Every structure is written in C-alpha cells, then in structure tokens.
Amino acid sequence: MKPPIFIMIMTTVVLGTMIVLTSSHWLMIWIGFEMNMLAIIPILMKNFSPRATEASTKYFLIQATASMLLMLGIIINLTTSGQWAILKLPSPTASNLLTIALAMKLGMAPFHFWVPEVTQGTPLSSGMILLTWQKIAPLSVLYQITPSTNPNLLITMAIASMLVGGWGGLNQTQLRKILAYSSIAHMGWITIIVMYNPTLMLLNLMIYITMTLGTFMLFMYNSSTTTLSLSHTWNKLPFMTSLILVLMLSLGGLPPLSGFVPKWLIIQELTKNDMIILPTFMTITALLNLYFYMRLSYTTALTLFPSTNNMKMKWQFENTKKMTLLSPLIIISTMLLPMAPMMSILD
C-alpha cells in the first residue's frame, strides 16, 4: 500500500472514531461507525492473501450486522422518544438492541467468534489496531448509555467473555489468537465495572491499550507469530526475553505489575457494592488468563533451544532505534502499581 493512500485511510479511521467520541446525535454516531468500519478493511488486507481476504470479509459481515442492529435500535428509540439524543433511551427494547450491537462490535461473548479468526488472518500491525483503537468508539457509546442499559444483560455478557477469553486461550500456539482471546477477557472486565464506576472503566481501557500496544510492538520487533518463534528469542535477541516476560505477566494481571492495578480496583469496587460471589468468580477466571501467559513467559525466558548459530553475540549488532516508542510503553505497562493509591481516588 502506497504511503499517501495509507495516510488517507488511517485519517479516515481516526476521524470516524473522533466523530463517535464527540457526537451526541445517534445518526452522527452511526455515520462515524460506518466510516471507521469501511476504512479499516483495506488495513486488514494490507498483505493481500486469501487468509486476509477471508478475515476482512468476516469482519465486514459482523460489523455490518452490528451496524444494522444499531440502526434498528436507534429507529425504535426515535419512535418511542421522538429524539435523536444519545442520553434519551426510554425504550428497553432499543436499549437491549444497542447493547447487543455494541457487544458485537467489541467482540464480547457470545458474539466473539470473529475476533480470533480476524486477528489471526491479518498482519501484526493490523491486529494491533483491531484490538486497541477499534475498541474505543463502541466503549465510548456504552459509557454514555450505561444508565439506560439492562444490567443483567451486560453482566451476563461480561462473565461469558471472561470465561471464553480464559478457556479459549489455553490451547493456542498462535500469538495473535492468544492476544485475541485475552482481548475478549479484558472486554469482560472493562464492561462489568461500567455500571458501578465508569471512570474506572476508562482507567482499565487505557492500561489495556498500553499493554496490548507494547506486546504487539515487541512481537513485531521480534517477528514472532507463534510460541515456537517466541521460544527462539533468546538465541536472536536476549535482551527482549526479559521485556516479553514482564509484559506477559503484566497482561496476566500478576502483582506488582500494572495489569494488576485495574483488576485490584475493580474487585475492590464490586466488594464495596456488597458483591462477593461475582468478584470471586472473576478472580478465578483471571487465573485462566494468567496460566497461558505464564506458559508464554516460560517458553520465552526459561527455555533455551539448541541453535546452529555460531554467532551468539549477533544481537549486539541489531538496530535498537526501533525501541524508542516501545520503552515508555513497557514502563507504563509494568510500573503503575505505586500510583494505585492515587487511582483509588476514582472509586
């Protein structure tokens, strides 16, 4: 893809998301979603192949279905309230349809089937955009309509997402699929707290995006797409093994790393709302994610495969200028725990 075309497409993606973020009119929000969806498809097909075409087609069909449900919910809301305002949702039917449409766009269970397949069929750079930037617009709408949503529906989908995200990633060897299932689980954590503390949802989203960006950039720098290629990191770039180790454990939510902060605060907030069974169940499902990230950490840092490469110091001659943006991402992804007392003010 030529740079001017790529810049134009990325500008449209960003503009579509910004329209959704800044609009209070349902029609403008729908237009923003459509702009974003149509512009992201060429990015998913950047490396043209049958697998990329299949992934892009799946993405288009799911997002088009979600947009149709979104418009149906908007029309039902318009007929009952007579207004286009996003904060006016008197109809439970419209509210449920809008929640389901946003869940489809986010890839939450039981509408999660497209996320691993689409992520696996695209390049790492496209998968990074899909699992980070593409979550912002639907979550911003969910943030605004939360007072009108059905809490039972939202909690059910969030718990299902945590279970699917945990169980689905256990048997995977493809890194993109593992990150896709991790994204499904994180969406469950993000949406379950939006009813009790919306600000905490924003904090969770920011930390999730930071950790996922850092992980994808490490994989791109290392050209790793499978656990096997990740296990050869020590032979090629020894200094990368510690970075991958720490980021994997942070994504798994292991203290004292940054990934533990949102889980800690969410469990604390739910406990304050006299909920004991729900946070206990969420903690158990988080162990599933921690297990497959521990497995990746073990494969990367604690195993040394035989190598026919006689030049063991080759990594010293690698160009490390690409690490400029990666360094602050890794610092934020791992060292936010000391700021947890300040973040707890959000409760």
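In the predicted model, the buried residues of helix α4 are Ala 94, Ser 95, Leu 97, Leu 98, Thr 99, Ala 101, Leu 102, Ala 103, Met 104, Lys 105 and Leu 106. Because 11 of its 15 residues are buried, α4 is largely enclosed by the rest of the structure. The packing partners of these buried residues are α2 (26–44), α3 (50–81), α5 (114–120), α7, α8 (151–168) and α9 (175–192).

Helix α4 covers residues 92–106, and at 1.5 Å a residue its expected span is 21 Å. The C-alpha atoms at its ends lie 21 Å apart, in agreement with that value. Gly 107, just after α4, adopts a positive phi of about 80 degrees.

A second site examined is Thr 132, located in the loop between α6 (124–131) and α7 (136–145). Thr 132 has a relative accessibility of 5% and therefore counts as buried, the cut-off being under 20%. Its side chain reaches the backbone oxygen of Met 128 at 2.4 Å. When neighbours within four places in sequence are left aside, Thr 132 is in contact with Ile 209, Thr 212 and Leu 213.

Over the whole protein chain, 17 helices and 0 strands are assigned. Of the 347 residues, 54% count as buried. Among contacts with a separation of 6 or more, 76% join residues 24 or more positions apart. The accessible surface of the chain is about 15,000 Å², and carbon and sulfur atoms contribute 72% of this area.

Methods. Residues numbered from 1 in each chain as written. Predicted model: local features only at pLDDT ≥ 70, side-chain atom pairs only at ≥ 80, totals over all residues. Heavy atoms only, no water. Helix = DSSP H or I, 4+ residues; strand = E, 2+ residues; numbered from the N terminus. Buried < 20%, exposed > 50% of the residue type's maximum accessible area, 1.4 Å probe, protein only. Polar contact = N/O pair within 3.5 Å; in protein donor to acceptor, adjacent residues only side chain to side chain. Contact = heavy atoms within 4.5 Å. Expected span 1.5 Å × (residues − 1). Areas by Shrake-Rupley, 256 points an atom, 1.4 Å probe, with all protein chains shown as cover.
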